[in-house]
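Subject: Structure handover

Hello,

Please find the structure below, with the sequence. My notes on it follow.

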Amino acid sequence: VQLQASGGGLVQAGGSLRLSCATSGRTFSSYAVGWFRQAPGKEREFAAAINWNGRSTSYADSVKGRFTISRDNAKNTVYLQMNSLKPEDTAVYYCAATQRGMFTSPSYDYWGQGTLVTVSS
């Protein structure tokens, strides 16, 4: 499964961005998808995850109430809507997928290349 993350960019604090994670050539509907992020000099950390049918989601405490993960299986795409962005949200955001269940740890089998989100103060 090849994943393509997109939608990153530069935004001011308090602004919003929507990230997309898409796959082509293979149906996404049986995969759980997670979003992780890695800030400069820090370890990769969990942000949000969604199960295969979108009925179960999980969020890190640091993004809860500000980020929303969703999916459109007809479009083979998972989204991460990020609102009320803070400078500490600055990171490279990665999406990952697996058929083995939804995890908050990086126990995913397939990873996208990452998209950079920069939040200015």
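Strand β3, residues 17-23, is joined to β8 by six bridges, and the two strands run antiparallel. In this pairing L17 sits opposite M82 of β8. Please keep in mind throughout that this is a predicted model.

β8 and its neighbours

β8 spans residues 77-82 and is mostly covered, with five of its six residues buried. Besides the bridges to β3, β8 has six bridges to strand β7 (residues 67-72), again in an antiparallel arrangement. At one pair in that ladder, D72 stands opposite T77; at another, F67 has M82 as its bridge partner. M82 is thus named in two pairs: opposite L17 and as the partner of F67.

The faces of β7 can be told apart by cover. F67, I69 and R71 make up the covered face, while T68, S70 and D72 make up the uncovered one. In a regular strand, side chains alternate between the two faces of the sheet. Note that R71 is listed on the covered face of β7, and that D72, on the uncovered face, is the residue opposite T77 in β8.

Within β3, S20 is buried, because its relative accessibility of 16% is under the 20% cut-off. Setting aside neighbours within four places in sequence, S20 is in contact with Q4, A5, S6, W35, T77, V78 and Y79. Of these contacts of S20, T77, V78 and Y79 fall in the range 77-82 given for β8, and W35 falls in the range 32-38 given for β4.

Turns and positive phi

Most residues other than glycine have a negative phi. Two residues here are worth a look on that account.

- N76 is not a glycine, yet has a positive phi of about 55°. N76 is placed in the loop between β7 and β8, which form a hairpin with four residues between them. With a relative accessibility of 17%, N76 counts as buried.
- S84 is not a glycine either, and has a positive phi of about 50°. S84 lies in the loop between β8 and β9, the latter being residues 91-98. At 40% relative accessibility, S84 counts as partly exposed.

What residue has a positive phi in the turn between β4 and β5? That is G41, at about 80°, in a hairpin with six residues between the strands.

β4 and its neighbours

Strand β4 covers residues 32-38 and is mostly covered, six of its seven residues being buried. β4 pairs with two strands, both described as antiparallel: seven bridges join β4 to β9, and five join β4 to strand β5, residues 45-50. On the β9 side, V33 stands opposite A97. On the β5 side, F36 stands opposite F46.

Y110

Y110 is found in strand β10, residues 110-111. Is Y110 buried or partly exposed? Its relative accessible area is 30%, so Y110 is partly exposed, lying between the 20% and 50% cut-offs. Not counting residues up to four places away in sequence, Y110 touches V1, L3, Y31, C95, A96 and A97. Among these, A97 is also the residue opposite V33 in the pairing of β4 with β9. Y110 and W52 are 58 residues apart in sequence and 15 Å apart in space, C-alpha to C-alpha.

The chain as a whole

The protein chain has zero helices and eleven strands. Its radius of gyration is 13 Å, which agrees with the value near 14 Å that a compact globule of 121 residues would have. Along the principal axes, the C-alpha atoms fill a box of roughly 40 × 25 × 25 Å. Of the 121 residues, 44% count as buried. Where contacts link residues at least 6 apart in sequence, 57% of them join residues at least 24 apart.

As for the surface, the chain exposes about 6,100 Å², of which carbon and sulfur atoms supply 46%. There are 12 positive and 7 negative side chains, with the centres of the two sets 7 Å apart.

Regards

How values were computed:
Residues are numbered from 1 along each chain as its sequence is written. This is a predicted model: local features need pLDDT of at least 70, side-chain atom pairs count only at pLDDT 80 or more; totals for chains, interfaces and linings use all residues. Side-chain values use heavy atoms; hydrogens and water are left out. The radius of gyration is taken over C-alpha atoms; the globule rule is 2.2 Å times the number of residues to the power 0.38. Buried means under 20% relative accessible area, exposed over 50%, partly exposed in between (1.4 Å probe, protein chains only). Contact means heavy atoms within 4.5 Å. Accessible areas come from the Shrake-Rupley method with a 1.4 Å probe; for residues, only the protein chains shown count as cover. Lys and Arg count as positive and Asp and Glu as negative; His and the chain ends are not counted. The place of a charge is taken as NZ of Lys, CZ of Arg, CG of Asp or CD of Glu. Two strands pair if DSSP finds at least two bridges between them.
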